[in-house]
Amino acid sequence: VSRSLRRVGLVRYDASDDIRGKLSFALCMLDNRDNGVLLTSVYNLEMCRVFVRGILNGKTQHDLMPEEAEALQQALNER
């Protein structure tokens with residue numbers, strides 16, 4: 001049970017000024033040990049890109065976009 005994904009942070013946003021509706025998102029899912037994944041989808045008129053970042057002890061080895069950092073912080077604050 002301690003390894004199941006239990007805490008979630010979600011931030012929806014507009015990735016560009018060309019399109020509205022908050023179709024891009026950053027979704028962070030963590031277990032009780034602050035391990036999990038950060039899934040990001042960046043949508044614009046030309047394409048949609050998806051990124052997956054591993055989270056270990058509440059941290060990632062990658063620089064985060066502001067929306068990703070906010071989603072991670074939301075998940076970490078769910079205690």
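**Exercise 1. Find out how R53 and E68 are placed and what joins them.**

*Solution.* Start with accessibility: R53 and E68 are both buried, where buried means under 20% relative accessible area, exposed means over 50% and partly exposed lies in between, with a 1.4 Å probe and protein chains only. Next, look at the charged groups: R53 and E68 form a salt bridge, with the closest N and O atoms 2.9 Å apart. A salt bridge here is a side-chain nitrogen of Lys or Arg within 4 Å of a carboxyl oxygen of Asp or Glu. Finally, place the pair on the chain: R53 is in strand β4 and E68 in helix α1, so the pair ties together parts that are 15 residues apart in sequence. Helices (H or I, at least four residues) and strands (E, at least two) are DSSP runs, numbered from the N terminus.

A word on the input before going on: this is a predicted model, in which local features need pLDDT of at least 70, side-chain atom pairs count only at pLDDT 80 or more, and totals for chains, interfaces and linings use all residues. Residues are numbered from 1 along each chain as its sequence is written, and side-chain values use heavy atoms, with hydrogens and water left out.

**Exercise 2. How many salt bridges are there by this rule, and which residue pairs with R7?**

*Solution.* The count comes to 3 salt bridges. R7 pairs with D34, the closest N and O atoms being 2.0 Å apart. This pair links distant parts of the chain, with R7 in strand β1 and D34 in the loop between β2 and β3, 27 residues apart. Now check accessibility: R7 counts as buried at 5%, and D34 counts as buried at 13%.

Then turn to R20 and D14, whose side chains meet in a salt bridge at 3.5 Å, N to O. Here R20 is exposed, with a relative accessible area of 55%, while D14 is partly exposed at 27%.

To round off D34, list its contacts (heavy atoms within 4.5 Å). Leaving aside neighbours within four places in sequence, D34 is in contact with R7, I55, L56, N57, G58, L76 and R79.

**Exercise 3. Lay out the strands of the sheet and say which strands stand at the edges.**

*Solution.* Begin with the inventory: the protein has 1 helix and 4 strands, and from the N terminus on the elements run β-β-β-β-α. The 4 strands form an open sheet in the order β1-β2-β3-β4, with antiparallel pairing; two strands pair if DSSP finds at least two bridges between them. The edge strands are β1 (7–13) and β4 (48–55), each with a single partner strand, so one side of each is left without a neighbour in the sheet. Neighbouring strands are turned by 10 degrees against each other on average, direction ignored.

Next, zoom in on β1 and β2. These antiparallel strands are joined by 7 bridges, with β2 covering residues 24–30. G9 has C28 in β2 as its bridge partner, and V11 stands opposite A26 in β2.

Last, add the helix. α1 (residues 66–77) lies across β1, β2, β3 (36–43) and β4, running at about 150 degrees to β1. Axes are lines fitted to C-alpha atoms, for helices over the stretch in contact, and angles run from 0 to 180 degrees between N-to-C directions.

**Exercise 4. Which side chains of β1 are buried, and which residues make up the largest nonpolar core?**

*Solution.* Walk along β1 first: R7, G9, V11 and Y13 point to one face and are buried, whereas V8, L10 and R12 point to the other and are not. In a regular strand the side chains alternate between the two faces of the sheet.

Now collect the core. A nonpolar core is a set of buried Ala, Val, Leu, Ile, Met, Phe, Trp, Tyr and Cys residues joined through side-chain atoms within 4.5 Å. The largest has 12 residues in all: V11, Y13, A26, C28, L30, L38, V42, I55, A71, L72, A75 and L76. At least two of these come from each of β1, β2, β3 and α1, and α1 gives the most, with 4 residues.

For a closer view, take C28. Not counting residues up to four places away in sequence, C28 touches R7, V8, G9, V37, L38, A71, L72 and A75.
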